Amino acid sequence: MEIQVFNSMDYEEFVDKFGNVIEKCPLVAAAVWTNRPFTSLAALEKMFGDFIDLLPPSGKEGILRCHPDLAGRDLLRGTLSSESQGEQIQAGLTNLTVAQRSQLSELNASYKNRFHFPFVICARMNDKDTIIKQLSSRIHNSPEHELNTSIAEVKKICHLRLLDILNRVPHGTKL
Ligand code: 2AL
């Protein structure tokens, strides 16, 4: 069996499996299912990206607004999705100094005040220092530029989450 493992899923199984590759946006997986059969994992990933690219700016902003803050309330309370929690831990966001925590919190608030969506970055391709650096720099972007940059980060998060799902497929299953 190849990508057939996923092609043979009914939409409920598919949404269960891929519903959070775009954070808290199972609608994207539910829509992507329509495009079966997928010829490869790369083709499947492209469907997620294409769906997002076709959204109007308000839809893209909506996707961003479904993302939790980095080192925010949900991380402290343990109420992140399991994917987000792993990513934020991996980036070192549970090991911030008091000064870093308050810097991040202030920057996150200013960023949201400017753009009306949260700062989004692929945490696993960064660490706490580069996250703070990127946030300090991106806050000066134009809204249009920042929307595009943020959506590119959503696609990176999606890429790594798809790889995680792939790695969880039982050994010997070709994809
Ligand atoms: C996140 C998150 O939860 N995982 C990740 O890579 N980025 N959130 C965010 N606001 O960027």
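Here are legends for four close-up views of this predicted model.

**View 1. Helix α4 meets helix α10.**
Start with two helices, α4 (residues 41–53) and α10 (residues 143–168). Their axes come within 11 Å and cross at roughly 150°. Angles over 145° count as roughly antiparallel, so α4 is roughly antiparallel to α10. The crossing of this pair is right-handed. On the α4 side, look for L41, L44, E45, F48, G49, I52 and D53. Their partners in α10 are I151, V154, K155, C158, H159, L162, L163 and L166. Sorted by class, the contact between α4 and α10 has 10 nonpolar, 2 polar and 3 charged residues.

**View 2. R161, a buried residue of helix α10.**
Stay with α10 and find R161, which lies in this helix. Is R161 buried or exposed? Its relative accessibility is 3%, and buried means under 20%, so R161 counts as buried. Which residues does R161 touch, leaving aside those up to four places away in sequence? They are N20, V21, E23, E83, S84, E87 and R124. Keep S84 and E87 in mind, as both appear again in the next view.

**View 3. The two sides of helix α7.**
Now turn to α7, which spans residues 82–90. Three of its residues, S84, E87 and Q88, are buried. Around the helix axis they cover an arc of only 95°, so they sit on the same side of α7. On the other side of α7 you will find S82 and Q90, which are exposed. What covers the buried residues of α7? The cover includes α6 (73–77) and α10. Two of those buried residues, S84 and E87, are touched by R161, which lies in α10. Just after α7 comes G92, a residue with a positive phi of about 85°.

**View 4. Helix α8 crosses helix α10.**
The last view returns to α10, this time with α8 (residues 98–115) as its partner. The axes of α8 and α10 come within 11 Å, and they cross at roughly 115°. Which residues make the contact? From α8 they are Y111, R114 and F115, while α10 supplies P143, E146 and S150. By class, the residues of this contact divide into 3 nonpolar, 1 polar and 2 charged.

Key: Residues are numbered from 1 along each chain as its sequence is written. This is a predicted model: local features need pLDDT of at least 70, side-chain atom pairs count only at pLDDT 80 or more; totals for chains, interfaces and linings use all residues. Side-chain values use heavy atoms; hydrogens and water are left out. Axes are lines fitted to C-alpha atoms, for helices over the stretch in contact, and angles run from 0 to 180 degrees between N-to-C directions. Helices (H or I, at least four residues) and strands (E, at least two) are DSSP runs, numbered from the N terminus. Angles under 35 degrees count as roughly parallel, over 145 as roughly antiparallel, 65 to 115 as roughly perpendicular and the rest as oblique. A crossing is left-handed if the near helix is turned anticlockwise from the far one by less than a right angle, and right-handed if clockwise. Contact means heavy atoms within 4.5 Å. Ala, Val, Leu, Ile, Met, Phe, Trp, Tyr, Cys and Pro count as nonpolar, Asp, Glu, Lys and Arg as charged, and the others, Gly among them, as polar. Buried means under 20% relative accessible area, exposed over 50%, partly exposed in between (1.4 Å probe, protein chains only). The arc is that of the directions from the helix axis to the C-beta atoms.
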